[in-house]
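Biologist: Please walk me through this one, feature by feature. I'd like to know how to read each of them.

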Amino acid sequence: MNNLQVLGKFLDQPILVSKFQKIIPVVLAGGGAVYTAIDSTKQPKSERSKRALKTGLTLGVTIGSALAAPHIASAIAKRPLPPDLNKIKEYNSLITDTFVKTSYVSRTTKNILRKSKDKILKFGEIRTLFEDISRKKSGKEFLEKLIPSPQNISAKDIFSEIGYLSVYGAVPVVGGIVGGIAADMVTDKKRWKEKVPDKIKEGSYQYLANIFMCNVGAGIALGLLEKAGIRSKAARALGMCAGIVATGIIGGSKIANFIGDKIIDPLCSSKKANVKLKERTPEVLDIGLHTDDIATVSLLSGLKWIEPALPILYTISGYRAGIGYRN
């Protein structure tokens, strides 16, 4: 195995993915607390406590929504959640004990297999394991159970997966808007209603331009590639990236602004003030947020280790909606 293949198997370890999943709430909570503290210290002393309350409440609801998003999306899309760490350990113990009983392995390999039951294997241990037992059919079958290879999604499952990801991304954005409105109601009781249109319009921009349309573009591209019989993971990844650029980064911004101008403005803007909300144009951070599209491409290509990072990426979109970033 070359180093890239070993790295892929290292990252695909179910125990590693599950442990990564478990630390995400801690990362988000800690990051939210640090950001709230930094944001509040930038304000005049008399405004710091008020700003901390506003930022903390907005981020708190957004983070809570982002952590709940996979459960809500799985329920709606009827997609099972990944097994928890204890179940993975039980499964690894079962298949490993069965394999060791029926196959001869070296002492070094046996020690690695013993460790694989409940611990993350190191890079070198992955290499040793595959080089030692993958030559035989029984060894290949066992390794496929221990660390499953990424599987290309079939055409019939593409839009189910796209639907799951789109609901997943919508929940933190809605949570951000709700959290932002609640924060304004507490900290700016007189003017909170005036700020609602900005939140809704920024939320629609974040969702359509940075999440939904990118997912649709990736899904359409993947469907066309599937229909053409192209199975290469590299070709499918490049095709999905092209779909994301066409419908998300370019088209998504236009669609989001059109909806904002033609639907959200008339519904939300003050008729008396006759104020038209500014058109939202892509910025550096918006382009940076398309790192979640790399996660989308990876997930649709069968790389499940990316999925635990989605709450972090979608929290940024939700928070920017919550603060009405556009104005």
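Modeller: Let's start with helices: these are DSSP runs of H or I with at least four residues, numbered from the N terminus. The model is predicted, so local features need pLDDT of at least 70 and side-chain atom pairs count only at pLDDT 80 or more, while totals for chains, interfaces and linings use all residues. Residues are numbered from 1 along each chain as its sequence is written, and side-chain values use heavy atoms, with hydrogens and water left out.

Biologist: What is the mean pLDDT of the protein?

Modeller: pLDDT is the predictor's confidence in each residue, from 0 to 100. Here the protein's mean is 83, and 82% of its residues reach 70 or more. Over residues 270–275 pLDDT stays under 50, and the model has two contacts (heavy atoms within 4.5 Å) beyond four places in sequence for them.

Biologist: How many salt bridges does the structure hold?

Modeller: Side chains of opposite charge can pair when their charged atoms come close. We call it a salt bridge when a side-chain nitrogen of Lys or Arg is within 4 Å of a carboxyl oxygen of Asp or Glu. There are eleven in the structure. In one of them, Arg 51 meets Asp 39 at 2.8 Å, N to O. Arg 51 belongs to helix α3 (residues 48–77) and Asp 39 to helix α2 (residues 14–41), so this pair ties together parts twelve residues apart in sequence.

Biologist: Is Asp 39 buried or exposed?

Modeller: Buried means under 20% relative accessible area, exposed over 50%, and partly exposed in between, with a 1.4 Å probe and protein chains only. Asp 39 is buried at 8%, and its partner Arg 51 is partly exposed at 30%.

Biologist: Which parts of the chain does the pair of Glu 307 and Arg 79 link?

Modeller: That salt bridge has its N to O distance at 3.3 Å. The pair links distant parts, 228 residues apart: Glu 307 sits in the loop between α12 (291–300) and α13 (310–322), and Arg 79 in the loop between α3 and α4 (85–102). Glu 307 is buried, with a relative accessible area of 8%, and Arg 79 counts as buried too, at 14%.

Biologist: What separates Glu 131 and Arg 127 in helix α6?

Modeller: About one helical turn, because they are four residues apart in α6 (residues 123–133). The closest N and O atoms of their salt bridge are 4.0 Å apart. Glu 131 is partly exposed at 37%, and Arg 127 is partly exposed at 21%. Elsewhere, salt bridges that share partners join Asp 188, Arg 191, Glu 194 and Lys 195 into one network.

Biologist: And empty space: how many cavities does a search find?

Modeller: Rolling a probe the size of a water molecule over the atoms shows where empty space is left. On a 1 Å grid over the protein atoms alone, a cavity is a set of points where a 1.4 Å probe fits but cannot get out, and lining residues have an atom within 4 Å of a point. The search finds two cavities of 30 Å³ or more. The largest holds about 60 Å³ of space, a volume being the space filled by probe spheres set on the points, which are joined across faces, edges and corners. Among its lining residues are Gln 13, Pro 14, Asn 92 and Lys 119.

Biologist: Where is Val 216?

Modeller: In helix α9 (residues 192–227). Val 216 is buried, at 19% relative accessible area. Leaving out residues up to four places away in sequence, Val 216 touches Ile 162 and Thr 247. Its C-alpha atom is 8.4 Å from that of Phe 159, 57 residues away along the chain.

Methods
Helices (H or I, at least four residues) and strands (E, at least two) are DSSP runs, numbered from the N terminus. On a 1 Å grid over the protein atoms alone, a cavity is a set of points where a 1.4 Å probe fits but cannot get out, and a pocket is an open set with protein on both sides within 12 Å along at least five of seven lines; lining residues have an atom within 4 Å of a point.
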